[in-house]
Amino acid sequence: MSHQPNSLQMKGQDLKTQKPHSQVMELILHLRQIIDEYSRQLKIRHLQKDLEQEKQQHGQDIKDQEVIFVQLLGEVVNFLQAGATSILEPQLPRLSLDSRGGDGQQAQLPRKPDQLSDQLSDSKTAVLSCDLSNRGIDISASYKSSFKDFIAYIGDKYQEDKNALGFINLGLSENKLCIDLLTERLSQSDMNYIDDDLLQYPDWSGHAFLRKEVAQFLTHYCKAPEQLDPENVVVLSGCCAIFSALTLVLCNPGDAFLTVTPFYSGFTFTSSLYVNVELIPVYLDSEITGANTQPFQLTVDKLEKALLEAGFKGKKVRGLVLINPNNPLGDIYSRDSLKEYLEFAKRNNLHVIIDEIYMGTVFDESIPFHSVLSMESLPDPNRTHVIWGTSKGFGISGFRFGTLYTHNKEVASAVGAFGFLHGISGITQHKLCRLLQDREWIDNVYLPTNRSRMQEAHKYITNMLKTLKIPFLNRDSGLYIWINLKEYLDPCTFEEEQQLYRRFLDHKLLLAPGKAYKCKEPGWFRITFADKPQRLEVAMNRFSQALSEQKQYLAEKHEAHTGGI
């Protein structure tokens, strides 16, 4: 088989002078010849008597053939990439700048952002992966599709003085409004403490001093009717780590959770990392009807319907996932609604995972937030599990801290075992403990300043949206706004939504498209407002430019298709 790589190299050189279609056909024929030759050799080797030689040579032959196989497939993808754009792009007529004659110059439609090269590049990468298991390939593909643009942003962040042309990310839910306050507080002397225990392995559920402080903090700010038990607290490296651990300890492979949509896209990624848990959407509608008194309203009837349909399909539903305040809508569930959802879960023997990470982002003091932990009696305390963290309210997502509170000791113990893989450093746990203990600073400095800055940033973005006549949900919690850009899609499909998303990327602006949140309606986007004023101003300029370009593209596309009628 040593002659094959040279043959492939010569074949590749010959193909460079051919047209794309003949190149592809030639590669396929060559691939067919190699497969046939490999099959013939296998038959010959099986007839040989020297089995030891067969065993030694067989492994190397397979490796040689695999290399040639993936190289050929890679070449096919490369040539397809070179020729496909001209085939797939709409062949729209060139339009005159001046319909009355003028200088005769021709203008093309504003460029439609092209995802083809990215898709083919991803396909090639997947094809060329020889070392991963099927599960590894799935995880790698999911990671790349979920975080590709985020990784590009990390490598090219906007900086006013150093990189004014870099990406601005208003698709990521991060609170950047009080970094100055946090930097100052975390630099004080009580934070800089080290002892032997902090440098050694902790209890995998988290250091006892931090779990005690978390229990006291949640008792106070969630207004729990009685002191919460530190033994019911588990600390891991982020709320997604908690969610992933919960899905693993509560579900068998193939089990499912009902998930109210639109919902946080990170749950989709994390639910498939360790165990295959299906998230079954409970779809909500934006239209106000007799049953929906507000957009995207959750009712028990919708939960019942989703559960019934899942049962008809043979799905084993183990629980319900709620986010309160909601991400991406910003809705806050009333106490009565929460009780109804929990009672529905109890009737159907379902666990409830309720994520309250946005508890600290309610910026209108007149709007009450009701934590599940504030309820006098839970309908099913052993199946109710609360997630909370400091990434959103305190704006320290880099600390990678998330906590679980559950009355179920078995669940707490099982999730705590994941501290072996997803624990937090002792030094970080100490800093978090000191931060949560400082109630005077939290109540008198941080919370009022953060609330005021959130109000100002929210007002700036909503005023801009009103100026641009863009509909949106006007809510009083969360770090983001759910906006309706259906007007900029023609037709109104998820493909066009993705094209608009790419348009924003062309302007070095990241937003979060609705499809990522499993929204059933194309055209919705989540835009984060919790950023510094200067950066928001630049971002909204880019936003306006992208929409203006998209509107021009749609108008000229319509004129081209109708012949100017």
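Trainee: How far apart are the end C-alpha atoms of helix α10, and what span should its 13 residues give?

Mentor: In this predicted model, helix α10 covers residues 300-312, and at 1.5 Å a residue its 13 residues should span 18 Å, which agrees with the 18 Å between its end C-alpha atoms.

Trainee: Which residues of α10 are buried?

Mentor: The buried ones are Val300, Lys302, Leu303, Ala306, Leu307 and Ala310. They sit on the same side of α10, because the arc they cover around the axis is only 160 degrees.

Trainee: And what do those buried residues pack against?

Mentor: Their partners are three strands, β5 (256-261), β6 (278-283) and β7 (317-323), together with helix α11 (335-347).

Trainee: Which exposed residues are on the face turned away from that buried side?

Mentor: That face of α10 carries Asp301, Lys305, Leu308 and Phe312, which are exposed. If you follow the chain just past the end of α10, you come to Gly314, which takes a positive phi of about 80 degrees.

Trainee: Changing topic, at what angle do the axes of α14 and α15 cross?

Mentor: The axes of α14, residues 426-437, and α15, residues 439-467, cross at roughly 65 degrees and come within 5 Å. On the α14 side the contact is made by Leu435, Leu436 and Gln437, which meet Arg439, Trp441 and Ile442 in α15.

Trainee: How do the residues of that contact divide into nonpolar, polar and charged?

Mentor: Four of the residues where α14 meets α15 are nonpolar, one is polar and one is charged.

Trainee: What about Arg434, which residues does that one touch?

Mentor: Arg434 lies in helix α14 and, leaving aside residues up to four places away in sequence, touches Arg185, Asp190 and Met191. Asp190 is 244 residues away from Arg434 in sequence, yet their C-alpha atoms are 7.4 Å apart in space.

Trainee: Why does Arg434 count as partly exposed?

Mentor: Its relative accessible area is 27%, and partly exposed is the class between under 20%, which is buried, and over 50%, which is exposed.

Trainee: Last topic, how many disulfides are there?

Mentor: The count comes to zero disulfides. Take Cys492, for which the nearest cysteine sulfur is that of Cys519, 10.0 Å away, whereas a disulfide needs the two sulfur atoms within 2.5 Å, so Cys492 is in none.

Trainee: Are Cys433 and Cys492 buried or partly exposed?

Mentor: Cys433 counts as buried, because its relative accessibility is 6%, while Cys492, at 39% relative accessibility, counts as partly exposed.

Terms used. Residues numbered from 1 in each chain as written. Predicted model: local features only at pLDDT ≥ 70, side-chain atom pairs only at ≥ 80, totals over all residues. Heavy atoms only, no water. Buried < 20%, exposed > 50% of the residue type's maximum accessible area, 1.4 Å probe, protein only. Helix = DSSP H or I, 4+ residues; strand = E, 2+ residues; numbered from the N terminus. Expected span 1.5 Å × (residues − 1). Arc of directions from axis to C-beta. Contact = heavy atoms within 4.5 Å. Axes fitted to C-alpha atoms, helices over the stretch in contact; angles between N-to-C directions. Nonpolar A, V, L, I, M, F, W, Y, C, P; charged D, E, K, R; others polar.
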